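Work through the exercises below with the sequence and the 3D view open. Try each task before reading its solution.

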Amino acid sequence: MQKDDPHTTLITATAPIAPNTHGGRAKCLQRLVRLDLPVPRTVALSFSAVHGLASGQMPDMAKLLAPFGEQPLLCVRPSSEDPDWGGPGAVLNIGMNDAIYVDFCDALGQEAAAQIYLRFVQSYAIHVARLDPDLFEDIDSDSPDGLSAALKAYEDEAEESFPQDPAVQLAAVLRSMARAWEGTTARLLRQAKGAPADAGLGLVVQQMVFGIGSGESGSGVIQLVDSSSGEPQITGRYLSQSQGRDALVKGAEALFLEADARGPSLEELAPQAFADLKAYTALMRRKLREEMQAEFAIENGKVHLLDGVRIARSARAAVRIAVDLAKDKIIAKEEALLRIEPRALNELLHRQVDPAAMRDRIATGVAASPGAATGRIVFSSSEAQASAARGEACVLVRRETAPEDIRGMHAAVAVLTERGGMTSHAAVIGRGMGLPCVVGASELTFNLQARLISAPGGRTFKEGDVITIDGTSGDVLAGEPAMLEAAHDDAFQELMVWSDAVRDIGVRANADTPTDAATARNFGAEGIGLCRTEHMFFEADRLTPMREMIFADKAQDRRAALERLLPMQREDFTELFRIMQGKPVCIRLLDPPLHEFLPHDKAGCRELAEALDLPLSDVTRRVEALGEYNPMLGMRGVRLGVTVPEIYDMQARAIFEATIAASREGAPVVPEIMIPLVSAMREVELVKSRIDAVAAEVRSETGQDFEYRLGVMVETPRAALRADEIATQVSFLSFGTNDLTQMTYGLSRDDAGRFMSAYVQLGVYPEDPFHTLDTDGVGELLKIGAERGRAASPDLVLSICGEHGGNPESIAFCRNAGFSYVSCSPFRVPVARLAAAQLALQDKIAP
Ligand code: PEP
Ligand code: MG
């Protein structure tokens, strides 16, 4: 019988059952059977049997019912391939009819019998006969009268008496569950959870264990760890005289499992049952190699396991669970590493508002994506991008976000929306990006026209005002409260150590400030892969000498201004070297066009005229003269270094003097100096000879020797194509994929937002190439650059430092191309470490 039929199979230790034919639940139950755990008799229906059911091909009901005896009482549960894809709800007590009711009245008492029958009538009426649930709303669920009323309501509405034959009942339940799975709504829901459109559904038909009856009877769920922390803690509830998941629904009346000061427990009520239950769940953990939640029923003191599911878990818990399973030698460390989705680490990695800080709360919404960030309010994605381009942190405030806001979201440090919930666009995307996000802040009035938000008490916040989004609590705060860096618990640290032991590509961070560097080091960066020095010149005390330098007509005046900047730069670099404690620090020489340092309005020009003691007209003229039609392709990067060489001279000197200072105090430092926007070898020769000369000067002035490495940032297509000759001049090449993408596509990185979503929607680009490395085009240049560079100079160190460096798919590409390391923003360093470890492991498994 069932044993021979692969589509309607009694679950035994040897039955042919697999997740991809009968679903995860059926497979799990078979595993429990193999462990000799007390699982009620169960028959599994395959995906193809259920698919047939939906189109009216009924299995042989007599055969299906045969294993369950004369008076079968059954429940049916869904069994999709991945339990997360869901399925129709379970139906309990199939087989109840008037005759069994009479028997149960004698055996269990009228009240218990009525409760069991009524539950079935109601769920059959609503889920199978599709009657209106309101019909049963006022029915007393605990009395025989309630049962009569429900049967009558069924008869009146369905215009038939309640079916009495278990085979008829079961056939109808199976058919309705099969049809529900094939419906459009269910299909869309599971596709949203990642299921393929044609995902199959299995069903399991299981002998009922009554949690209702004489002796200690009831039902509940148990798991051995806490779902949010992953810490060992027996969690769950038990409810006497109940079925299914009632214990969770009626939480207040339910018992704790383990003895608990807060109230009565199963441990005190039925110690043996509790001990068995604990032992069974521990055995499941050991043998199924996973933290499981068990659904159980106790019938007259004896425990039965009805179902087991992988426990739901936060990212933090997922890490602890995997690490603890490995430490208990249940799984290998490598498997623990493979079990964590690298991007899920984002949840653990974010800054939080210091609990001790004063919170000036404006409103509370849905805490949609964890972490906290402070920035100035902007009301559109283009403003967010403009703000990011100015290096100013901003919070994107929208009524709700849409796909075209994606670039704005990338540019913002946090997002706040008026509408939406946990699965709205802003929430889903925010979580994916690790961007703090509060949605559904409907307490606030959003006036987008006037560019204002108003809080309930009448306080208003306008564009440019500073607010803090706490995506962990859902609070919107005024101002900038103190923050705590992301918490690293020991399980997370352990996972990172294991990652480092297996990965074979380095991970550095892009860090410009001491705070960035400290975060990078905390997150285990092996060095700084890109320090963008321009940010150092925007502070008030530096901007004036910087502007004096820009305004100087003669080299000697320029040098005088730069001399004022030198000690500040030296201090910047010394601090970075100190924080990184001997780890490599790659400093990029000044990159942006000089006019970026000049004032952009009349008032600013007037201030500058005062500071420089020049007529306003002179200042305005110079500012205008420095303007370019296309500054991103103009006088910037190495072009500055070649034409205004004193700037790079000053920076090189500051780097060398800081090297000597930091090496005196701590671990020896070998600085790396990177030249931006190179497109010709001669540029490198010119800059290199000056830097070598500065090094020689510093060595002879101080009597101290030091080493340094020179490299080129490959961010123009020509640099990639001419990498062979460029490589002969330097010891490393680092691919700046932001500019390289911009120049390969001929697509402004600041303006692409206008049409990017249309382009992606129409399939012109598969993804936004500024977010996902275009492996076909830009990637081709990376490969050419790497191959030509290495051919000319076999020891050449290769890396990537564009935004793509932290993205697991780009890391795979760079690893395949033989790069030594990737460099990404500090918060993405752990994600990159884990992603890199997984790549190395996957290669070992399937080289
Ligand atoms: C790049 O162009 O990839 C890069 C890292 O530099 P920036 O983003 O500063 O232009
Ligand atoms: Mg660049």
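## Exercise 1: The metal site

Glu715 and Asp739 are both buried. This model is predicted.

Task: Find which protein donors hold the magnesium ion (ligand 2), and how far they lie from it.

Solution.
- Step 1. Look up the donors. They are Glu715 (OE) and Asp739 (OD).
- Step 2. Read the distances. The two donors lie 2.0 to 2.1 Å from the magnesium ion.
- Step 3. Place them on the chain. Glu715 sits in the loop between β27 (709-714) and α27 (717-721), and Asp739 belongs to helix α29, so the pair ties together parts that are 24 residues apart in sequence.

## Exercise 2: The shell around ligand 1

Task: State which residues surround ligand 1, and which element gives the largest share of that shell.

Solution.
- Step 1. List the shell. It consists of Leu530, Arg532, Arg588, Met713, Glu715, Gly736, Thr737, Asn738, Asp739, Arg749, Cys801 and Gly802.
- Step 2. Sort by type. The shell has 3 nonpolar, 4 polar and 5 charged residues.
- Step 3. Look for polar atoms beside the ligand. A polar side-chain atom of Glu715 is 2.9 Å from an oxygen atom of ligand 1. For Thr737, a polar backbone atom lies 3.0 Å from an oxygen atom of the ligand. For Gly736, a backbone N or O atom lies 3.2 Å from an oxygen atom of the ligand.
- Step 4. Check the cover. On its own, ligand 1 has 290 Å² of accessible area, and the protein covers 95% of that.
- Step 5. Assign elements. Those giving two or more residues to the shell are β24 (528-532) and α29 (737-745). The largest share, 3 residues, comes from α29.

Glu715 and Asp739 appear in this shell and also as donors of the magnesium ion.

## Exercise 3: Glu534 and its partners

Task: Decide whether Glu534 is buried or exposed, and find what its side chain meets in a polar contact of 2.6 Å.

Solution.
- Step 1. Locate Glu534. This residue is in the loop between β24 and α20 (540-551).
- Step 2. Apply the cut-off. Buried means under 20% relative accessible area. Glu534 has 8%, so it is buried.
- Step 3. Find the polar contact. The side chains of Glu534 and Arg588 are joined at 2.6 Å. Arg588 is also one of the residues around ligand 1.
- Step 4. Add the other contacts. Beyond its neighbours within four places in sequence, Glu534 touches Arg588, Leu590, Asp591, Pro592 and Phe597.

## Exercise 4: A covered helix

Task: Work out how many residues of helix α32 (residues 808-816) are buried, and what covers them.

Solution.
- Step 1. Count. In α32, 7 of its 9 residues are buried, and the helix is mostly covered.
- Step 2. Name them. The buried residues are Pro808, Ser810, Ile811, Ala812, Phe813, Cys814 and Arg815.
- Step 3. Find the cover. It includes α31 (778-792), β29 (797-800), β30 (821-824) and α33 (829-845).
- Step 4. Look just past the helix. Gly818 takes a positive phi of about 80°.

## Exercise 5: Positive phi outside glycine

Task: Find where Lys329 and Gln581 lie, and what their phi values are.

Solution.
- Step 1. Take Lys329. Its phi is near 60°, a positive value in a residue other than glycine. Lys329 lies in the loop between α13 (315-327) and α14 (333-339). Its relative accessibility is 74%, so Lys329 counts as exposed.
- Step 2. Take Gln581. Its phi is near 45°, again positive in a residue other than glycine. Gln581 lies in the loop between α21 (555-580) and β25 (585-588).

## Exercise 6: The whole chain

Task: Describe the chain by its elements, its span and its buried share.

Solution.
- Step 1. Count elements. There are 33 helices and 30 strands.
- Step 2. Give the span. Along its principal axes, the C-alpha trace extends about 110 × 60 × 55 Å.
- Step 3. Test one separation. Val168 lies in helix α8 (residues 166-182). Its C-alpha atom is 77 Å from that of Pro592, 424 residues away along the chain.
- Step 4. Give the buried share. Of the 847 residues, 54% are buried. Val168 is partly exposed, with a relative accessible area of 43%.
- Step 5. Consider the surface. The chain exposes about 35,600 Å², and carbon and sulfur atoms supply 50% of it.

Methods:
Residues are numbered from 1 along each chain as its sequence is written. Chains are lettered from A and ligands numbered from 1 in the order in which they are written. This is a predicted model: local features need pLDDT of at least 70, side-chain atom pairs count only at pLDDT 80 or more; totals for chains, interfaces and linings use all residues. Side-chain values use heavy atoms; hydrogens and water are left out. A residue is near a molecule or strand if one of its heavy atoms lies within 4 Å of it. A polar contact is a pair of N or O atoms within 3.5 Å; within protein, one must be able to donate a hydrogen and the other to accept it, and residues adjacent in sequence count only if both atoms are side-chain atoms. Accessible areas come from the Shrake-Rupley method with a 1.4 Å probe; for residues, only the protein chains shown count as cover. Helices (H or I, at least four residues) and strands (E, at least two) are DSSP runs, numbered from the N terminus. Ala, Val, Leu, Ile, Met, Phe, Trp, Tyr, Cys and Pro count as nonpolar, Asp, Glu, Lys and Arg as charged, and the others, Gly among them, as polar. Donors are N, O and S atoms within 2.8 Å of the metal (3.2 Å for Na, K and Ca); water is not among the atoms, so sites may look incomplete. Buried means under 20% relative accessible area, exposed over 50%, partly exposed in between (1.4 Å probe, protein chains only). Contact means heavy atoms within 4.5 Å.
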